[in-house]
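Q: I'd like a close look at one part of this model, the aromatic rings and what sits around them. Can you walk me through it?

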Amino acid sequence: KSDSEGDLEYCGGTIRRGKDGTIELSYADFIRKVKPITLRKEAKDTWQATPTEVRLLRGLIGALQWPATQCCAHLACSVSMLSAYVSDCKVSHLKEANKCLRFAKSHADVTQKFYRYPDIKSWVELGFLSCTDAAWATRPDGSSQGGHLVLAVPPRAFKDESVNYGILEWKSYKLPRVARSSLHAETQAAAEGADALEFCKVFWALCRTPWADVRDDEHRSTGPSALVVDAKSLYDALQRESTVSGASCKRSAVEQVALKQALSYCAAVVRWVSSERQIADGLTKVAGRELMAKRLQNQSYRLVYDATFTAAKKKTAAERSSNEYEGVTRSKSASNKHRAVKRSQARAQSSETQAAAVALDSDDGIFHECCDEVPMHVVHDHDVHCATHTHDAIFFCTQARSSSRRPQASAPPLRTAS
C-alpha cells in the first residue's frame, strides 16, 4: 500500500524515494516487531534446550532471515551461523540468538540505498565490484564460512576515489567442501563471487536488451568490473601461470584455473586489499557485523591500490582503525577508542622524549624535567647538540646558540660550556 508521502510498503519493507532520486529500502518496522526467546531463569549455558525452545529458535532464525536476505546484509553471517546450532541447541545458543536480535534492533535504522550517478551517460559505463572473503574452519562442524558482496559503482571507483555504491547481491553461507587450508577456503568463496559477478553483469545487460541471447559473451565483458580479495596467496595464484600438477592442493589449483577463466569471460581484474579494507569481512565473521553495519549506513567505499601489499597485521592500530572507519560516520564509542589509541601513542613518544631531556647536561647542574618549558637563553651548545638527536618535540631552536640573545633579568646568567 502507498501512503500520502509516497512510501511503499511491501512484504515488511518500506521503499521510499528521496528528493535527489535516491531509492531507500528499510526493514526497521519489521525488525522491531520480532520478539526474543523466553529463557528459563534457572537454566545454565551448558544445558540442552527443550523442544519448545528449539521451536522458538527456529522461529527467531526465520524471522531474522527475511530482512537478512532482503535488506540487512550485516545480519547474514549471524543468521547463517545460528542455523548451525539448531540440531544440537544449548541454552548458550538461545542467548546468542537473543543477542543477535538486540543487535538487529539497535541497527534497525541501517537501510539500503540506490544512488543516481549523474556522471554516467550510458548503461555500459556502470561498474561492478565483487568483494569475497572466507573464514577457515569457523563453523561447529569444522567447515568454513564464505561470503560475497556485489556492488554497483560508477567508473571512477576504479581510480582510487571514494564513491557511493549500491548493493546488488550478497550471501553468507557454509562452503560446500571442507577446506584443507585458508587458501582453499578463499578460493571457493572467490569462485562463488565470480559467478555472482557474471550473473549481475548478464542480468544488467538483459535489462536494456531483453531480446538478446543470454549466451552472448558481450553481456559478460561489457562495463568495468573487478574481483576484490584480501588473501595475498590467492591473489598471487591468480596472477601467475601455474600448472595443476605442481600444486600442493590439486582441488584449489583446479578451482583457481576455472576462476581465472570465469574472470576472463567477464573482463574482470583481480584487486587485492588488506583485510581491514575488505567490506565483505562482516559476511564471514560475527565479530565483524558491527563495523559492517556502520559501513552499510554510509555506503561509501574506496578501492585502494597498495603497491607495497602491506598486510593488516603489519600496520599499527591507528592505521588499521583509520582504514576501517574510512567513509564511516564514527559513533561516540568508536571515536573515543580511536582517540585513545592516538593518545597512548603520543604518551609513549612523550615519555621517551622527556627521558632524553632529563639527561641533558646534568654534569653542569642544569636539570629540566619539562623540555618544552626550557628558556632558550639557558641552553648551551651541548644542549642543542643532544636535543637534535631526540624527538622533534624537544628540538631546541638553533637561535639559542647565538650569543646575540640576551638573558632575561629573572633568568640565571648564561654559563660557558666546558
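Which residues do ring pairs link into a cluster?

A: Keep in mind that this is a predicted model. The cluster is made of Tyr-235, Trp-272, Tyr-305 and Phe-309, linked by ring pairs. For context, the structure holds six aromatic pairs.

Before zooming in on the cluster, take a pair made of two tryptophans. Trp-123 and Trp-204 have ring centres 5.0 Å apart and planes at 25°, so they count as stacked; the cut-off for that label is under 30 degrees. Trp-123 sits in the loop between β4 (112-114) and β5 (127-135), while Trp-204 belongs to helix α5 (residues 182-208), so this pair ties together parts that are 81 residues apart in sequence. As for accessibility, Trp-123 is partly exposed at 43%, and Trp-204 is partly exposed at 29%.

Now back to the cluster, and to Trp-272 with Phe-309. Their ring centres are 5.4 Å apart and the planes make an angle of 50°, so this pair is tilted. It links distant parts of the chain: Trp-272 is in strand β10 (residues 269-272), and Phe-309 is in the loop between β11 (300-302) and α10 (317-324), 37 residues apart. The two partners fall into separate burial classes: Trp-272 is buried, at 5% relative accessibility, whereas Phe-309 is partly exposed, at 26%. Phe-309 also has a charge for company, since the charged end of Lys-232 sits over its ring, 4.8 Å from the centre.

There's another arrangement of that kind, and it takes us over to helix α9. The charged end of Arg-289 sits over the ring of Phe-103, 4.7 Å from the ring centre. Arg-289 is also one of the buried residues of α9, alongside Leu-291, Met-292, Ala-293, Lys-294, Arg-295 and Leu-296. That makes seven of the 10 residues in α9 (residues 289-298), so the helix is largely enclosed by the rest of the structure.

What does the enclosing? The buried residues of α9 pack against α3 (76-82), α4 (91-106), β6 (145-153), β8 (166-174), β11 and α10. Two of those names should ring a bell: β11 and α10 are the elements on either side of the loop that holds Phe-309. One last backbone detail to look at is Gln-299, just after α9, which takes a positive phi of about 50°.

Definitions and conventions:
Residues numbered from 1 in each chain as written. Predicted model: local features only at pLDDT ≥ 70, side-chain atom pairs only at ≥ 80, totals over all residues. Heavy atoms only, no water. Phe/Tyr/Trp six-rings, centres within 6.5 Å; stacked < 30°, edge-to-face > 60°. Helix = DSSP H or I, 4+ residues; strand = E, 2+ residues; numbered from the N terminus. Buried < 20%, exposed > 50% of the residue type's maximum accessible area, 1.4 Å probe, protein only. Lys NZ or Arg CZ within 6 Å of the ring centre and 35° of its normal. Contact = heavy atoms within 4.5 Å.
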